[in-house]
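Reader: Please take me through one part of this model slowly, beginning with a single side chain and its surroundings, and then show how that part sits in the rest of the chain. I would like each term explained with its cut-offs as you reach it.

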Amino acid sequence: MKTLITDVDLLAAALTQARVTVYEKDGRIADYGGVIERYTPESVKIAGTYFMREVYVFKTGSTRERPE
């Protein structure tokens, strides 16, 4: 899994339409996410929902658990 930290990381994920999973800072999955639709210095929009960059961690790659 790759953690998306910088604007360049987020841009690359958006351009390649990589699936992004959103995590709480403690490592729990907050949202199984999807493709990045938009990002700003403060937030990332995935599947119509805005997530604050300060609050969440964004990762690409597979997860152990999958949504049902």
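Author: Let us begin with arginine 53, which, once its neighbours within four places in sequence are set aside, is in contact with Ile5, Thr6, Asp7, Leu10, Lys25, Tyr39, Thr40, Pro41, Glu42, Ser43, Val44 and Phe58; contact here means heavy atoms within 4.5 Å. The model is a predicted one, in which local features need pLDDT of at least 70 and side-chain atom pairs count only at pLDDT 80 or more, while totals for chains, interfaces and linings use all residues. Residues are numbered from 1 along each chain as its sequence is written, and side-chain values use heavy atoms, with hydrogens and water left out.

Arginine 53 is placed in the loop between β6 and β7, where helices (H or I, at least four residues) and strands (E, at least two) are DSSP runs numbered from the N terminus. With a relative accessible area of 18%, arginine 53 is buried, since buried means under 20% relative accessible area, exposed over 50% and partly exposed in between, with a 1.4 Å probe and protein chains only.

The wider setting is a protein chain with 1 helix and 7 strands, whose elements follow one another from the N terminus as β-α-β-β-β-β-β-β. Of its 68 residues, 29% count as buried, and its accessible surface comes to about 4,600 Å², 50% of which belongs to carbon and sulfur atoms; such areas come from the Shrake-Rupley method with a 1.4 Å probe, and for residues only the protein chains shown count as cover. Among contacts between residues at least 6 apart in sequence, 48% join residues at least 24 apart.

β7, the strand that follows the loop of arginine 53, belongs to an open sheet of 4 strands in the order β1-β7-β2-β3, with antiparallel pairing; two strands pair if DSSP finds at least two bridges between them. β1 (2-4) and β3 (29-34) stand at the edges with a single partner strand each, so one side of each has no neighbour in the sheet. Neighbouring strands of this sheet are turned against each other by 30 degrees on average, direction ignored, where axes are lines fitted to C-alpha atoms, for helices over the stretch in contact, and angles run from 0 to 180 degrees between N-to-C directions.

Between β2 and β3, which run antiparallel, there are 3 bridges. Tyrosine 23 has isoleucine 29 as its bridge partner in β3, and valine 20 stands opposite glycine 34 in β3. α1 packs on the sheet and touches β1, β2 and β7 (56-60), its direction making about 110 degrees with that of β1. β2 and β3 form a hairpin with 4 residues between them, and glycine 27 in the turn has a positive phi of about 100 degrees.

Two residues other than glycine also have positive phi values. Glutamine 17, with phi near 55 degrees, lies in the loop between α1 (7-15) and β2 (20-24) and is exposed, its relative accessible area being 58%. Alanine 47, with a phi of about 50 degrees, lies in the loop between β5 (43-46) and β6 (49-52).

The charged side chains complete the picture, for the structure holds 4 salt bridges, each being a side-chain nitrogen of Lys or Arg within 4 Å of a carboxyl oxygen of Asp or Glu. One of them joins aspartate 9 and lysine 2 at 3.6 Å, N to O; aspartate 9 is buried at 16% relative accessibility, whereas lysine 2 is partly exposed at 44%. Another joins aspartate 26 and arginine 28 at 2.9 Å, N to O, with aspartate 26 exposed at 53% relative accessibility and arginine 28 exposed at 54%. A further one links glutamate 37 and lysine 45 at 3.7 Å, N to O, where glutamate 37 is partly exposed at 47% relative accessibility and lysine 45 is partly exposed at 22%.
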